[in-house]
Amino acid sequence: MDQFTFFTASRIVIVAGKGGVGKTTVSAGLAMAAAQLGLRVLFVELDEKPGPERIFGCAKPLGYDSIEIDVVDPQTGGGHLSARRITAQAALSDYLDNHGLGRISRRLMKSGILDIVATAAPGIDDLLVLGKIKALEHERVADLIVVDGPAAGHAVSMLTAPRALHQSVGGGPIRQQAEEILELLADGARCQIMLVTLPETTPVNELVETAFALEEEVGVQLGPLVINNVEDHGELFISGSLNPQSAIVRAAQFHNSRIRLQSQEIARLAKSLALPTIALPFFPTTSGGVIASAVLGQIRLLA
Amino acid sequence: MTFERILEKSSIIICCGSGGVGKTTTAAAIGIAAARTGRRVVVVTIDPAKRLADALGLSTELGNEPHQIVSPPTAPGQLWAMMLDTQATFNEVVRTYSADKEQVERIMSNRFFRNISKNLSGTQEYMAAEKLFQLHADARFDLVVIDTPPTRDALNFLDAPNRLIRFLDHRLYRLLLTPARGGLKVFAAAMQPIVRAIARIVGTQALDDALAFFRAFDGMDTGFRQRAEQVVKLLRSPNTSYVVVTSPNLETIDEADYFVSKLHEEGLSTATLIINRIQPSFASIDADINERDGSTHEFSELRRNLDQLNRRASDQALSIAGLVAHVAPAPVIYIPLFAHDVTNGESLGMVADHLVRDSSNLNN
């Protein structure tokens, strides 16, 4: 597939997957790859844990305000990558400022108001964050917004929050906000989800569950799947003349059994979900540039 | 303290870590290892994925009540397992603290209650803490092993009872509760901007629904508060052990490290660090390889594979060094990456073997 077509398929890509599958690595790599191609890209981190900073080589933790990221090895001029972290707390403060409540917003923040608000209308923290992303898309701050989605199973509850609130809230700004986010999520040209997994039994099971839940409960469009840590060397031939107890043979047997498990799981994933797949190798590095070029190489292989 | 000693003296073991590190599997394996020493263990998973059931080879789903596990064998102790049902637990709580049937009815029919008792943020953690407390008090068990939601949520879990107390103590909440009838008009003038701001964010409808819920809830808050305080005490008891679970890749190591720091900030300590799925290392090239084999293409492929696996093993050792130092003097247990995934009772038993074997090696 043409790499440019790939990255302009939608304006927002939310990367989701269980912790430990390399979600942050993949989303940071995608963002950098798109910037290398010449797109204006915004990377959004939702989690408070560190991670993207190391991949991007930033000295300071990402905050609510965007910072510029050095695009390693740009292939075309004009590319541009910025990154920010959006938390519910910061999004609420921003919302209050923009709704003429800036004056009391500091007082509200100090009084732990988010606790009250979140308890009065659960899911509102998710809605505030999605609302901010929607506003950024609306303002066209970038050609592509890559969101490093929330950890683990939280992705489904985050994306179902707008529907839940839309159903439970009779009217007012929340309902309005929820409605607009539902529209955004339903429009594949504006927003897609890329799910990340590992070529192993449990992660594949979970990816399939999540994919169905997202399609049925949110109605969001799923982009290509990413399988991370794919071993690229096939099964090894072990000569019968070698000592079966030797380290070299035991290592080969270990490799072969992992490879068999991997091909079995990749085949099962393909059977369960008919979606294009990007296979990424194990990265012994956290350099954004290396990850980006692997991502670009794999996209070219897509049908 | 060795891990055996932790299994022996703890009455609660809380497994923390990010998703995908084998936390549920580890919780189940800890349950098996403890039961083998004669303890009566219940393992609770509050992770939405039904993995514990899978790992234990159960074909039926685990309900909100513990079921005894017969395979793998756990004599002389017992192993029970359950999956938290947030809604059902919340309903139990309402029934426990309500004054009468009418109050139960009023609460259960409230839109706001139906909304929060589903899987929306925070509720799951409150209910997990409640369930933990119930099981701890249950005479059938002498050890509760709890599998928490992934890192960020696991912190909420630790904070859930405190959050509840803070919420109940909140000046604003008290003011919201004060008027017995009437809408927003009755609030004191000083409260108006804040109430208006909340209404602006959540809408008057949601605020009204919430107020109706809190009024229906009136009188139950004392029971709730007492329970929350007891849970806080329980989470800080010396017999409650925090086990941090991770896998050896950079992302999950970061999360585990973050969790260890958070525990420390809370004045709690990591009892044991368990690192799952460690790449086994192999001896370097054997001496007994003959010349003819050594020169073939197949052989150089095998050699490349051996080198690659060993390099990966030493890279992993390097990546986890900081975390291992961070949890010291807590024992660290290494569970190797198996040739196959841990998906049945037998392989779960193997993990349980490693838990005990490894820690004794490290601490003798």
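Student: Leaving aside its neighbours within four places in sequence, which residues is I145(A) in contact with?
Tutor: This is a predicted model, and within it I145(A) is listed among the residues with the most contacts inside the largest nonpolar core. In β5(A), I145(A) is also the bridge partner of I12(A). Once neighbours within four places in sequence are left aside, the residues in contact with I145(A) are R11(A), I12(A), L42(A), V44(A), I133(A), L136(A) and E137(A).

Student: How many residues does the second, separate core have?
Tutor: The largest nonpolar core has 92 residues, and those with the most contacts inside it include V15(A), V41(A) and V146(A). The second core is separate and includes C15(B), I30(B), M83(B) and A271(B). The number of residues in that second core is 73.

Student: Are the residues on the two faces of β1(A) buried or exposed?
Tutor: Strand β1, residues 12-16 of chain A, is mostly covered, with 5 of its 5 residues in the buried class. One side carries I12(A), I14(A) and A16(A), while V13(A) and V15(A) are on the other, and on both faces these residues are all buried.

Student: Which residue in β6(A) does I12(A) stand opposite?
Tutor: β1(A) is joined to β5(A) by 4 bridges, the two strands running parallel. β1(A) also pairs in the parallel sense with strand β6, residues 191-197 of chain A, over 5 bridges. In β6(A), the residue opposite I12(A) is C191(A).

Student: Which residue in β4(A) is the bridge partner of E45(A)?
Tutor: Strand β2, residues 40-45 of chain A, is mostly covered, since 5 of its 6 residues are buried; it pairs with β5(A) in the parallel sense over 5 bridges, and there V41(A) has L144(A) as its bridge partner. β2(A) is also joined by 6 bridges to strand β4, residues 80-85 of chain A, and these two run parallel. In β4(A), the bridge partner of E45(A) is R85(A).

Student: Why does E231(A) count as it does in terms of exposure?
Tutor: E231(A) belongs to the loop between β8 (225-227) and α11 (247-272) of chain A, and, not counting residues up to four places away in sequence, it touches R258(A), I259(A) and Q262(A). A residue needs 20 or more C-beta neighbours within 10 Å to be buried and 12 or fewer to be exposed. E231(A) has 16 such neighbours inside 10 Å, and therefore counts as partly exposed.

Student: Which strands of chain B stand at the edges of its open sheet?
Tutor: The sheet has 8 strands with mixed pairing, in the order β3-β4-β2-β5-β1-β6-β7-β8 of chain B. Two of these strands have a single partner each, so one side of each is left without a neighbour in the sheet, and these edge strands are β3 (67-68) and β8 (332-336) of chain B.

Student: What angle does the direction of α12(B) make with that of β6(B)?
Tutor: Within the sheet, β6 (residues 240-246) and β7 (residues 270-278) of chain B run parallel and are joined by 5 bridges, with V243(B) standing opposite T272(B) in β7(B). Helix α2 (residues 23-36) of chain B packs on the sheet, and its direction makes about 175 degrees with that of β2(B). Helix α12(B) packs on the sheet as well, touching β1, β6 and β7 of chain B, and its direction makes with that of β6(B) an angle of about 160 degrees.

Student: How far does α12(B) reach from its first C-alpha to its last?
Tutor: Helix α12 covers residues 250-265 of chain B, which is 16 residues, and its buried residues include L250(B), I253(B), F259(B) and L263(B). At 1.5 Å a residue the expected reach is 22 Å, and the reach in the model, from first C-alpha to last, is close to it, at 22 Å.

Student: Within what arc do the buried residues of α11(B) fall, seen down its axis?
Tutor: The 15 residues of helix α11, residues 221-235 of chain B, should span 21 Å at 1.5 Å a residue, which agrees with end C-alpha atoms that are 21 Å apart. Its buried residues are F224(B), A228(B), V231(B) and L235(B), whereas T222(B), Q226(B) and K233(B), on the other side, are exposed. The buried residues line one face of the helix, because seen down the axis they fall within an arc of 60 degrees.

Terms used: Residues numbered from 1 in each chain as written. Chains lettered and ligands numbered in written order. Predicted model: local features only at pLDDT ≥ 70, side-chain atom pairs only at ≥ 80, totals over all residues. Expected span 1.5 Å × (residues − 1). Arc of directions from axis to C-beta. Pairing = 2+ DSSP bridges. Contact = placed C-beta atoms within 7 Å. Core = buried A, V, L, I, M, F, W, Y, C linked by C-beta atoms within 7 Å. Axes fitted to C-alpha atoms, helices over the stretch in contact; angles between N-to-C directions.
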